[in-house]
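Biologist: Could you take me on a close look at the second largest cavity, please? What is its volume, and which residues line it?

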Amino acid sequence: MNATEPTLSHPSPPTRPALPGDLDLRVLREHVASVYAAYNASILVHFGLGAALGIVMYLHRPRWWILAWMAAHLSFGLALFLMPRWHAGLPLEDTTRWARRHSRTVTLVSMATATAPWLFISADDLAITSVLTVVIIGSCARAMQLLWPLKPALYGYTLPMMLSLIAALAWQGDAMHLFLAVFSLGYLLFTLRVGRQQHKLLTDSLVLRFENEALAAQLSVQIAAAERASAEKTRFLATASHDLRQPLHAIALFGAALENELRDHHGERNAQRLMRAVNALGNSLDTMLDVSRLDAGVVTPDLRPVSLDALFRSLNHMFAAQAEQRALQLRVRASGLWVQSDPQHLYRMLSNLVDNALKYTPRGGVSVRARVRGGAVWIEVLDTGIGIAPEQQDRVFEEYYQVQNPGRDRAQGLGIGLSIVERLSRLLDHPVQVTSRMGRGTRFRLQLPMVAPAPQHGQQAVAPAARPAPVQSAEATQAAHGRVLLIDDEAEIREAMAGLLQGHGIAVETAANEAEAIDALGRPGTQAEPFVLLLCDYRLSNGDNGLDVGQRLQRRFGLDVPLVLVTGETAPERLQRVRASGVPVLFKPVNAATLLRALADFAPGLGHAIV
């Protein structure tokens with residue numbers, strides 16, 4: 001229902017992330033880091049076992065060459081402990097060199113240890129043979145767990161030592177030594193097989209990790225691009241809205257003044273038509289402003305018990321004529337239910353849904369109903385319209401997306417109504433769902449918390465702001481007491497605003513900037529005819545804004561008079577700042593009745609009656 005393809009391009013579907021060309025080096029670097037993390041411990045354990053073995057051998061059978069072997073063994077271990085080693089600060093390009101260096105180092109260690117079987121194994125001393133076999137196999141088991149990441153290091157450490165043990169055992173020729181040799185060979189083959197499997201698992205896990213990192217980086221880039229596009233869209237809308245509101249504001253003011261002057265004149269009808277066109281354009285810009293205000297977080301809900309019957313009556317009054325004009329039936333069913341919500345925002349949601357349904361229903365009708373489901377209230381807006389295709393149902397809440405409106409028929413709106421519904425549903429925590437069948441119609445459903453009825457006098461029907469009635473002419477109004485100081489950097493708007501207010505008997509002093517305002521406030525006779533209100537445009541020339549200027553003037557001259565801002569801003573950050581200040585604000589284009597009513601509210605001394 002609400003949606004035509006916008007001209008903006010859409011991102012292509014995500015593809016498999018491109019991995020960096022140095023992936024193999026990065027994986028190897030992780031392997032090298034893993035083996036070097038246990039470098040000190042592995043040296044101490046290996047040469048400690050060698051020293052213990054030498055001591056046992058010497059105590060069992062003292063020989064001078066055993067002491068020499070132990071001294072050489074421990075000297076080699078000390079040299080390895082003191083030699084340079086890999087660390088995380090080394091360049092990635094050096095990783096291969098350090099991997100080879102470590103593999104050569106452990107191979108040399110293994111070859112040095114491989115001398116032990118030939119020195120200590122003998123056919124007449126099975127106990128020493130068993131001790132040596134256990135020590136070597138245990139050393140290989142420990143090294144296997146540490147050297148899985150580097151296959152060359154795993155082979156270099158395991159093969160020389162184990163093959164030497166197997167050969168020395170087999171060389172003895174007796175049955176027991178041959179059995180130990182076969183057992184050691186089986187253990188070696190098993191160790192190498194497990195080592196290869198573990199190496200593959202480690203490598204695959206690292207590749208997957210880097211793939212995920214590449215995907216996360218690509219996703220971050222896409223998110224940043226989407227955020228930039230969203231920010232650019234917001235800036236564009238804010239700038240375009242402001243630039244459009246400025247001349248429209250002037251047109252509205254001149255038109256209101258013209259309409260007032262042509263009252264009871266033959267040109268009055270044309271003036272009224274002009275103002276209707278201006279108001280229609282203003283309503284379109286206000287819809288865009290609503291989106292910006294919701295995105296800016298400057299809308300605060302006022303949650304309280306709401307009578308759905310009262311709200312439905314307002315909907316019926318609002319859309320009955322439109323439905324009749326389209327030869328459609330509008331059924332709004334009373335329910336007697338009350339819900340917890342913000343009445344104005346809930347009304348806005350339902351009015352957007354009903355308006356949307358009427359636009360896309362060529363025949364039949366639209367119905368609005370409420371019913372209780374599991375302690376909650378479902379409000380449903382159903383139509384017999386054209387329906388929404390399944391692939392479009394997820395997009396109908398996007399801005400400017402409209403079904404079957406490629407020509408951007410203005411009669412079908414801007415395509416913002418449902419996006420406002422979605423934003424308000426999140427603001428109020430009223431989930432919205434849509435179901436539809438092509439050619440059969442659509443149903444939108446809101447889910448709200450049900451509450452007990454509030455006292456009847458505390459609940460009023462919620463209705464949209466009615467079109468302001470004409471303001472009395474200058475002859476029919478009271479004389480104003482005090483003046484209004486208007487600060488606006490655009491001459492046309494100053495002239496139009498001054499003409500409108502003066503036409504209704506309000507004395508106005510205009511200023512283009514802060515310096516002119518200071519001059520006006522400092523003139524002699526100001527106390528005799530004081531200013532009772534500061535009316536400032538928000539965006540002024542030279543980077544100034546009406547909020548800062550107005551507050552500086554209040555402090556400088558000790559003015560205890562209200563400050564009212566008039567702005568065409570829609571930028572979220574500026575709207576947030578205005579809201580945080582607590583200063584009342586009117587959004588351009590401001591029609592005459594709204595402006596005069598605001599002046600009467602904030603400066604009662606002006607004494608204007610609105611009829």
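Modeller: Happily! The second largest cavity has a volume of about 90 Å³. Here a cavity is a set of points, on a 1 Å grid over the protein atoms alone, where a 1.4 Å probe fits but cannot get out, and lining residues have an atom within 4 Å of a point. Points are joined across faces, edges and corners, and the volume is the space filled by probe spheres set on them. Bear in mind that this is a predicted model, in which local features need pLDDT of at least 70 and side-chain atom pairs count only at pLDDT 80 or more, while totals for chains, interfaces and linings use all residues. Residues are numbered from 1 along each chain as its sequence is written, and side-chain values use heavy atoms, with hydrogens and water left out.

The lining is made up of His-46, Leu-49, Gly-50, Leu-53, Trp-69, Thr-113, Ala-116, Val-135, Ile-136, Ser-139 and Met-161. H2 and H6 are the elements that give two or more residues to it; helices are DSSP runs (H or I, at least four residues), numbered from the N terminus. H2 has the largest share, with 4 residues. By type, the lining holds 7 nonpolar residues, 4 polar and no charged, where Ala, Val, Leu, Ile, Met, Phe, Trp, Tyr, Cys and Pro count as nonpolar, Asp, Glu, Lys and Arg as charged, and the others, Gly among them, as polar.

For context, the whole structure has 3 cavities of 30 Å³ or more, and the largest holds about 200 Å³ of space. H2 gives the largest share of that lining too, 5 residues.

How values were computed
1 Å grid on protein atoms, 1.4 Å probe; cavity = no way out; pocket = protein on both sides within 12 Å on 5 of 7 lines; lining within 4 Å.
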